[in-house]
Amino acid sequence: MNLELTGKVALVTAASRGLGQAVAMQLAQEGAAVAICARHPADLQAAAARIEQATKGTILAVAADVSLPQDVERLVQTTLDRWGRIDVLVTNAGGPPPGRFVDLQPEDWEAATQLTLMSAVHLCYAVVPTMREQHSGSIVAITSISVKQPLPNLILSNSVRLAVVGLVKTLSDELAPDGIRVNAVCPGWTRTERVEQLLADRAARSGATAEEEAAGITAAIPLGRMAIPEELARAVAFLASPAASYITGVSLLVDGGMYRGAM
Ligand code: NAD
């Protein structure tokens, strides 16, 4: 299947490693020119170099913190100055911190809202006018399995990501007449650097090994393993692409069957 991404322009945020980097890599592999951002210039430039080397694609790296509206504005403007259009927007950010209700304060909720919800809101405000002028575009929000099945010790993610799903579903309706599709992808356990760190932390606390901690988690996953980032990235690339031309407003789980509900 041809995803018809050759010559398209994509913007993928929070892409110096992990899921964001894998998505940028996949889109570049499919022939898109890709703008990426992360907060730390050195890590970002290193990611851009890795993607360019692996794909021979064209990468624009812009240091930006997606929780800051002025950074989002500058990121989108820099991409438009370079390529004059944006066909694909993939919203991604670091995860909000773990914790239970009693461990957290209202300020933690406000910070999580800025990072997880308002980053996507500001990105959409910055990109949608251009997509409306183009009368085409595709937005994919990276959320989490937690929007289907709340996860223990992650009340911020469980709560704030649901607002992102509300945004996606509503925008898919409002922007369909402009030829813009809006979808979400919900990763389950995916072995990124963040998850490796998490497993190491759990192991240090429990006295088990990181692989024993991973085995405890994968026992609840029907496919019997965690995903690799490329598996999430392929789903994002498909939904982002013209190959998914009749799909809008969906939240696609990429979780190895971990979510047990029927719908
Ligand atoms: P990661 O920590 O490996 O990578 C996060 C990336 O985001 C890094 O490039 C980091 O530099 C960048 N970043 C963080 N905060 C940023 C900010 N404010 N502005 C710009 N860039 C920023 O994480 P990951 O595993 O790739 O996860 C990506 C997202 O997906 C997170 O929100 C995470 O909670 C969510 N998620 C991950 C998994 C998983 O199993 N990996 C599962 C469900 C949801």
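Which residues line the second largest cavity? In this predicted model, the lining of that cavity consists of T91, A120, C124, I139, A141, V164, L167, V168 and V182, and the elements that each contribute two or more residues to it are α4, β5 (137-142) and α5. The largest share of this lining comes from α5, which supplies 3 residues, and the volume enclosed by the second largest cavity is about 40 Å³. When the lining residues are sorted by class, 8 are nonpolar and 1 is polar, with no charged residues present.

A search of the whole structure finds 2 cavities of 30 Å³ or more, and the largest cavity has a volume of about 100 Å³. The residues that line the largest cavity are T91, N92, A93, G94, L115, T116, S119, A120, L123, I142, R161 and V164; T91, A120 and V164 thus appear in this lining as well as in that of the second largest cavity. At least two residues of the lining of the largest cavity are supplied by each of α4 (106-134) and α5 (155-175), and α4 provides the largest share, with 5 residues. By class, the lining of the largest cavity divides into 6 nonpolar, 5 polar and 1 charged residues.

The ligand is surrounded by 25 residues, of which S16, L19, A93, R161 and T192 come nearest. Among these, A93 and R161 also belong to the lining of the largest cavity. The shell around the ligand comprises 10 nonpolar, 10 polar and 5 charged residues. Because domain 1 (9-188 + 228-253) and domain 2 (190-226) both give residues to this shell, the ligand lies between the two domains.

Several polar contacts of the ligand can be described at the level of single atoms. A polar atom in the side chain of D65 is placed 2.8 Å from a nitrogen atom of the ligand, whereas the contacts of G94 and G95 involve the backbone: a backbone N or O atom of G94 lies 3.4 Å from an oxygen atom of the ligand, and a polar backbone atom of G95 is found 3.3 Å from an oxygen atom of the ligand. Of the 830 Å² of accessible area that the ligand has on its own, 92% is covered by the protein. The elements that contribute two or more residues to the shell around the ligand are α1 (18-29) and α6 (193-206). G94, which takes part in one of these backbone contacts, is also listed in the lining of the largest cavity.

Apart from the cavities, the second largest pocket contains about 170 Å³ of space. The lining of this pocket is made up of 13 residues, and D87, S136, G137, S138 and P242 are those that lie nearest its centre. In terms of class, the lining of the second largest pocket divides into 3 nonpolar, 6 polar and 4 charged residues.

Technical notes:
Residues numbered from 1 in each chain as written. Predicted model: local features only at pLDDT ≥ 70, side-chain atom pairs only at ≥ 80, totals over all residues. Heavy atoms only, no water. Near = heavy atom within 4 Å. Polar contact = N/O pair within 3.5 Å; in protein donor to acceptor, adjacent residues only side chain to side chain. Areas by Shrake-Rupley, 256 points an atom, 1.4 Å probe, with all protein chains shown as cover. Helix = DSSP H or I, 4+ residues; strand = E, 2+ residues; numbered from the N terminus. Nonpolar A, V, L, I, M, F, W, Y, C, P; charged D, E, K, R; others polar. Domains from an automatic or database assignment. 1 Å grid on protein atoms, 1.4 Å probe; cavity = no way out; pocket = protein on both sides within 12 Å on 5 of 7 lines; lining within 4 Å. Points joined across faces, edges and corners; volume = space filled by probe spheres on them.
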